[in-house]
Amino acid sequence: MSAITGAKRIVVKVGTSTLTHPSGHINIRLMEKLVKVLADIKNTDRELVLVSSGAIGVGMGKLGLRERPQTIPGKQAAAAVGQCELMYLYDKYFSEYNHTVGQVLLTRYSLDNAESSENVRNTFESLFGMGAIPVVNENDTVATDEIRVGDNDTLSAIVAKIIGADALVILSDIDGLYTADPAKDAAAVLVPEVREIDDALMATASGAGSSRGTGGMLTKLSAGRIATGAGADMYIVNGKNPDVLYDLLEGKAVGTHFIGRETL
């Protein structure tokens, strides 16, 4: 049975390509379903953190942009508009299930600096103590280096490490890690379990799989190194049906399970 069945503190990351339609507009049906499932999981006395991408993608839809901005100021402007829309929707939907959310926008400095990372940890602990669900994103509006090199797969793993999470679940647009790119190789098969993320495995990864997102399998494997190195189990599952989170918590074999070092 999967280690996540007993997890009390869980980080869930949802990506832009999962959260939005190809047009860039928010996938309202999926977002509503995701919030409903997360609210139900929160009702089991678990502590949840939602790391949500999508600010730039949602901003594109809100502003009527057909393509992702190429300039830093353009990306910042789209992120500024999109982040407002994202938090409005999360607040609206979680409130329907009597849960309160708190926005946490992070930068690389706030995570790398010892004093500020301690402040970040304390903020999360206070939010947990108040029964709130932190909704996390990079602060794309001001952190230009974050837009150029940052990704929320890595961010979610760092957050999991800082708060001592038991598990990290990455909701992707693919079922998990495959032996090859399933879009290019019909013989590719799903890898159910990974005990070590070595250089050979990293070499098989590719880049971003969507024009709306910044991540890909490479960033997920990099995140896995951080999360599992800190003792958290990581799971990559297909987020197109948020009910997959119930399957995970019931110990069913879905997606790819990266085993945390402390559980080996």
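The following exercises, each with a worked solution, concern the sheet and the helix packing of this predicted model.

Residues are numbered from 1 along each chain as its sequence is written. Because the model is predicted, local features need pLDDT of at least 70 and side-chain atom pairs count only at pLDDT 80 or more, while totals for chains, interfaces and linings use all residues, and side-chain values use heavy atoms, with hydrogens and water left out.

**Exercise 1. Establish the strand order of the sheet and state which strands stand at its edges.**

Step 1. Helices (H or I, at least four residues) and strands (E, at least two) are DSSP runs, numbered from the N terminus. Two strands pair if DSSP finds at least two bridges between them.

Step 2. Eight strands make up an open sheet with mixed pairing, and their order is β3-β4-β2-β1-β5-β7-β8-β6.

Step 3. The edges are held by β3 (101-106) and β6 (193-194); each has a single partner strand, so one side of each is left without a neighbour in the sheet.

**Exercise 2. Describe the pairing of β5 with β1 and β7, and then that of β7 with β8.**

Step 1. Strands of a sheet pair through backbone hydrogen bonds, either parallel or antiparallel.

Step 2. β1 and β5 run parallel and are joined by five bridges; V11 has L168 of β5 as its bridge partner.

Step 3. Six bridges link β5 to β7, again in the parallel sense, and A167 has D233 of β7 as its bridge partner.

Step 4. β7 (residues 233-238) pairs with β8 (residues 256-258) in the antiparallel sense, over three bridges. Here I236 stands opposite T256 in β8.

**Exercise 3. Determine how far β5 and the β1 residue V12 are covered.**

Step 1. Buried means under 20% relative accessible area, exposed over 50%, and partly exposed in between (1.4 Å probe, protein chains only).

Step 2. Six of the six residues of β5 are buried.

Step 3. In a regular strand the side chains alternate between the two faces of the sheet. In β5, A167, V169 and L171 lie on one side and L168, I170 and S172 on the other, all of them buried.

Step 4. V12, in strand β1, counts as buried because its relative accessibility is 2%. Contact means heavy atoms within 4.5 Å. Leaving aside neighbours within four places in sequence, V12 is in contact with L38, V49, L50, V51, V169 and L171.

**Exercise 4. Characterise the packing of helix α8 against the sheet and against α10.**

Step 1. Axes are lines fitted to C-alpha atoms, for helices over the stretch in contact, and angles run from 0 to 180 degrees between N-to-C directions.

Step 2. α8 (residues 152-163) lies across β1 (9-14), β2 (47-52), β3, β4 (133-138) and β5 (167-172), at about 170° to β1.

Step 3. α8 and α10 (residues 217-229) pack at about 10°, with axes 8 Å apart. This makes α8 roughly parallel to α10, a description given to angles under 35 degrees.

Step 4. D153, T154, A157, I158 and K161 of α8 meet T219, K220, A223, I226 and A227 of α10.

**Exercise 5. Identify the surroundings of N152.**

Step 1. N152 belongs to helix α8 and counts as buried because its relative accessibility is 5%.

Step 2. Not counting residues up to four places away in sequence, N152 touches K13, V51, S52, S53, N137 and E138.

Step 3. A polar contact is a pair of N or O atoms within 3.5 Å; within protein, one must be able to donate a hydrogen and the other to accept it, and residues adjacent in sequence count only if both atoms are side-chain atoms. The N152 side chain makes such contacts with the side chains of S53 (3.0 Å) and N137 (2.9 Å).

Terms used. Parallel < 35°, antiparallel > 145°, perpendicular 65-115°, else oblique.
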